[in-house]
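Colleague: I should like a close look at a single part of this model, taken together with its surroundings. Please set out what can be said about it in one connected account.

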Amino acid sequence: MTKPFIAGNWKMNTDSRSSVSLAEAVAARTTGLAGRQVDVALCPPFVYLGPVFRAVGNSSIAVGAQDVYFQPDGAFTGEVSVSMLKDMGCTYALCGHSERRHVIGESDELVNKKVTAAVSGGLLPILCVGELIEQRKAGRTTEVVTGQVKNGFAGLSAEKALAVTMAYEPVWAIGTGLTATPQQAQEVHALIRELIGRIYDSRLADEIRILYGGSAKPGNAAALMQEQDIDGLLVGGASLKADDFIDIIKAAV
Ligand code: 13P
């Protein structure tokens with residue numbers, strides 16, 4: 001059985017004080033649990049990575065970035081490299097979050113470059129995929145997710161692919177209060193695992209963790225986690241409240 005993984009994506013929220021107090025609360029109230037029974041990561045905005053890394057201290061809570069750029073250094077105003085993130089204590093980086101894809105306009109090709117650069121530099125990517133409501137209604141979920149998964153892993157060796165965590169986040173469920181039912185999520189998670197099995201092999205497909213994201217909360221976390229192919233949750237809104245996020249972590253074990 002893979003160890004469950006709960007990651008909090010704070011998006012463009014918190015400030016210098018609340019980021020630290022939230023991280024301290026999560027670290028203090030999950031000792032004995034985080035890192036042992038469940039992996040936990042916090043993904044604050046770039047500017048609070050350092051303070052949050054210090055706030056989690058020597059707890060087993062990992063810190064992740066919400067994005068990363070693929071170039072190592074140079075004239076890329078506003079971007080942040082893999083080595084900078086590692087330098088600030090990051091273990092993970094989200095790649096291809098739906099808001100990056102659909103609000104900022106990132107392509108599969110750019111997402112693949114980010115995933116590749118992250119793995120090559122020793123940062124663990126969390127590759128996010130998911131369909132829009134129009135695509136689901138048009139019966140195109142399988143096609144859309146298949147394309148995002150194949151393009152996301154393009155050119156990655158099996159050894160490098162093992163460093164990737166997948167996240168399925170149906171865009172229509174993000175921040176809307178509309179959660180995919182456990183069955184709807186499981187269906188797509190099974191598809192993702194099958195695709196990874198076809199691209200690589202079944203051992204690798206079994207080992208890669210696939211998180212669900214989209215209005216995950218204390219009330220639905222346990223039911224989602226019960227599904228066979230749901231290995232964890234990528235939590236947005238509910239990760240901004242220490243009580244809710246801690247309840248989700250507890251529900252995962
Ligand atoms: P919500 O949990 O706020 O729906 O956000 C999900 C998400 O996008 C996490 O990355």
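Please concentrate on strand β5 (residues 124-129). How many bridges join β5 to strand β6 (residues 165-168), and in which sense do the two strands run?

Modeller: Four bridges join β5 to β6, and the two strands run parallel. This is a predicted model, in which local features need pLDDT of at least 70 and side-chain atom pairs count only at pLDDT 80 or more, whereas totals for chains, interfaces and linings use all residues. Residues are numbered from 1 along each chain as its sequence is written, and side-chain values use heavy atoms, with hydrogens and water left out.

Strands here are DSSP runs of E with at least two residues, helices are runs of H or I with at least four, and both are numbered from the N terminus. Two strands count as paired if DSSP finds at least two bridges between them. In general, strands of a sheet pair through backbone hydrogen bonds, either parallel or antiparallel.

On the β6 side, the bridge partner of V129 is Y168. β5 is also joined to strand β4 (residues 92-95), again by four bridges and in parallel; there, A93 stands opposite P125 of β5. Five of the six residues of β5 are buried (under 20% relative accessible area, with exposed meaning over 50% and partly exposed in between; 1.4 Å probe, protein chains only). The strand is therefore largely enclosed by the rest of the structure.

These pairings belong to a closed barrel of eight strands, which runs β1-β2-β3-β4-β5-β6-β7-β8 with parallel pairing. Its neighbouring strands are turned by 25° against each other on average, direction ignored. Such angles run from 0 to 180 degrees between N-to-C directions, and the axes are lines fitted to C-alpha atoms, for helices over the stretch in contact. Further round, strand β7 (residues 210-213) pairs with strand β8 (residues 232-235) in the parallel sense over three bridges, and Y212 has L233 as its bridge partner in β8.

Helix α7 (residues 141-153) lies across β5 and β6 and runs at about 155° to β5. T141, found in α7, counts as buried because its relative accessibility is 11%. Contact means heavy atoms within 4.5 Å; leaving aside residues up to four places away in sequence, T141 touches E131, Q135, R136, Y168 and V188. With that exclusion, F153 touches eight residues, namely N112, L127, A161, V164, M166, I196, Y200 and I208.

F153 is also among the residues with the most contacts inside the largest nonpolar core, together with M166, I192 and L233. That core has 71 residues, where a core is a set of buried Ala, Val, Leu, Ile, Met, Phe, Trp, Tyr and Cys residues joined through side-chain atoms within 4.5 Å. Helix α9 (residues 182-199) gives the largest share, six residues. Another core, of twelve residues, lies apart from it and includes A41, A62, Y92 and A167.

G213, in β7, is buried with a relative accessible area of 0%. Its C-alpha atom is separated by 9.0 Å from that of C128, although the two are 85 residues apart along the chain. Not counting residues up to four places away in sequence, G213 touches Y168, E169, P170 and L234.

For the protein as a whole, there are twelve helices and eight strands, and 53% of the 253 residues count as buried. Residues 24 or more positions apart account for 72% of the contacts with a separation of 6 or more.
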